[in-house]
Amino acid sequence: MSAPARADRAAGTTARTVAQAKVNLFLRVLAREASGYHQLETLFCRLELGDHVTVRTGVPGRSLDCTGDVIPPTGLGPADRNLAWRAAAAYAEATGWPNGWAIEIVKHIPVGGGLGGGSADAGAVLRCLNALAPSPLPNGALLDLATPLGADVPFLTLDAPLALGWGRGERLLALSPLPARDVALVCFPFGVPTPDAYRWLDDERHGATPQAAALDVETFARWDGVARLAHNDFETVVPSRFPDVASTLAALKSRAEQHGSSAIARMSGSGATVFVVADALPLVMSAAHDVPWRVVHTRTATRVVAVELSG
């Protein structure tokens with residue numbers, strides 16, 4: 001199809017997808033750069049849980065509308081500070097297209113809990129715009145746009161349900177998906193400010209610089225291999241400041257240990273959400289029903305939901 005014809009088809013069209021949440025099956029925070037950013041080493045895993053994202057182009061002006069029952073009473077803040085908006089603005093600045101857009105997000109991912117909800121929305125917007133664009137960007141260029149938006153955004157722009165990530169999240173190695181497993185997310189009515197979590201970790205380490213680990217990719221081909229490496233550096237500083245997180249995480253880890261060697265109970269990202277991954281979730285999750293926090297049931301993803309186009 002010629003470029004002009006592609007542009008005509010794109011004008012006024014709509015793209016939809018599901019912006020899938022993520023958990024970090026392991027997360028190590030490495031050296032802090034002079035810029036203030038930290039190097040990371042992590043295993044990203046997408047979930048079936050996701051926000052519903054619709055992007056329309058060929059419209060006058062620029063708009064963002066977010067609805068859903070997981071939005072805090074205080075809202076999501078100014079539109080131009082939202083990651084989905086910033087992703088669209090970055091795409092438009094880099095390519096000169098589109099002039100106008102309308103983004104609609106129906107939120108299902110709990111906000112501010114370390115599940116990558118805002119980052120997933122940004123990645124979905126980039127994927128939608130690229131599917132609609134008269135001249136789509138190659139994958140590498142699309143990931144370059146994702147990187148400044150946050151450490152989770154490149155993975156959540158990538159067409160992979162499982163990946164190793166390094167650096168600021170921009171160095172990615174896509175892995176074959178593991179068999180789907182049940183996941184329970186224990187979600188608290190508060191989040192953990194990410195800058196604070198990094199500062200607490202820096203203070204705890206007193207200037208020590210952890211080194212990257214030697215990782216064998218074959219370890220990530222099985223759930224029991226992943227479980228042996230499951231870890232989150234933020235668990236050394238966040239639960240001690242949030243007793244409800246500490247008690248819930250301890251209870252779930254105890255149940256996971258009783259369940260078997262391949263069950264995983266961890267905190268995702270910098271928190272506060274605690275999750276359990278297991279092949280027989282009701283047994284593992286019985287401890288969580290004694291706490292008043294919201295429990296969201298989902299599964300690990302074996303695919304990335306495709307972008308669908310309509311006129």
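Are tryptophan 85 and tryptophan 101 buried or exposed? Both tryptophan 85 and tryptophan 101 are buried. The structure described here is a predicted model.

## Aromatic pairs

A search of the whole structure turns up 8 aromatic pairs. One of them joins tryptophan 85 to tryptophan 101 in an edge-to-face arrangement, at 5.5 Å centre to centre and with 70° between the planes. The two rings come from distant parts of the chain: tryptophan 85 belongs to helix 2 (residues 83–95) and tryptophan 101 to strand 4 (residues 101–107), 16 residues apart. The term edge-to-face applies because the angle between planes is over 60 degrees.

Elsewhere, Phe188, Phe190, Trp200 and Phe242 are linked by ring pairs into a cluster.

## A charge over a ring

Phenylalanine 155 has arginine 46 lying over its face. The distance from arginine 46 to the ring centre is 5.0 Å.

## Strand 10 and its partners

Strand 10 covers residues 274–278, and 5 of its 5 residues are buried, so the strand is largely enclosed by the rest of the structure. Its side chains point two ways: Val274, Val276 and Ala278 to one side, Phe275 and Val277 to the other. Residues pointing in either direction are buried.

Two strands that pair with strand 10 are strand 7 and strand 9. Strand 7 (residues 182–187) runs antiparallel to strand 10, with 5 bridges between them. Strand 9 (residues 264–267) also pairs with strand 10 in the antiparallel sense, over 4 bridges. Phenylalanine 275 figures in both pairings: leucine 185 stands opposite phenylalanine 275, and arginine 266 has phenylalanine 275 as its bridge partner.

Strand 9 and strand 10 form a hairpin with 6 residues between the strands. In this hairpin, glycine 269 takes a positive phi near 55°.

## Threonine 219

Where does threonine 219 sit relative to helix 6 and helix 7? Threonine 219 is in the loop between helix 6 (194–205) and helix 7 (223–229). Its relative accessible area is 18%. Threonine 219 counts as buried because that value is under the 20% cut-off.

When neighbours within four places in sequence are left aside, threonine 219 is in contact with Gly225, Val226 and Leu229.

Note on methods. Residues are numbered from 1 along each chain as its sequence is written. This is a predicted model: local features need pLDDT of at least 70, side-chain atom pairs count only at pLDDT 80 or more; totals for chains, interfaces and linings use all residues. Side-chain values use heavy atoms; hydrogens and water are left out. Rings of Phe, Tyr and Trp (its six-membered ring) pair if their centres lie within 6.5 Å; planes under 30 degrees apart count as stacked, over 60 as edge-to-face and the rest as tilted. Buried means under 20% relative accessible area, exposed over 50%, partly exposed in between (1.4 Å probe, protein chains only). A charge sits over a ring if NZ of Lys or CZ of Arg is within 6 Å of the ring centre and within 35 degrees of the ring normal. Two strands pair if DSSP finds at least two bridges between them. Contact means heavy atoms within 4.5 Å.
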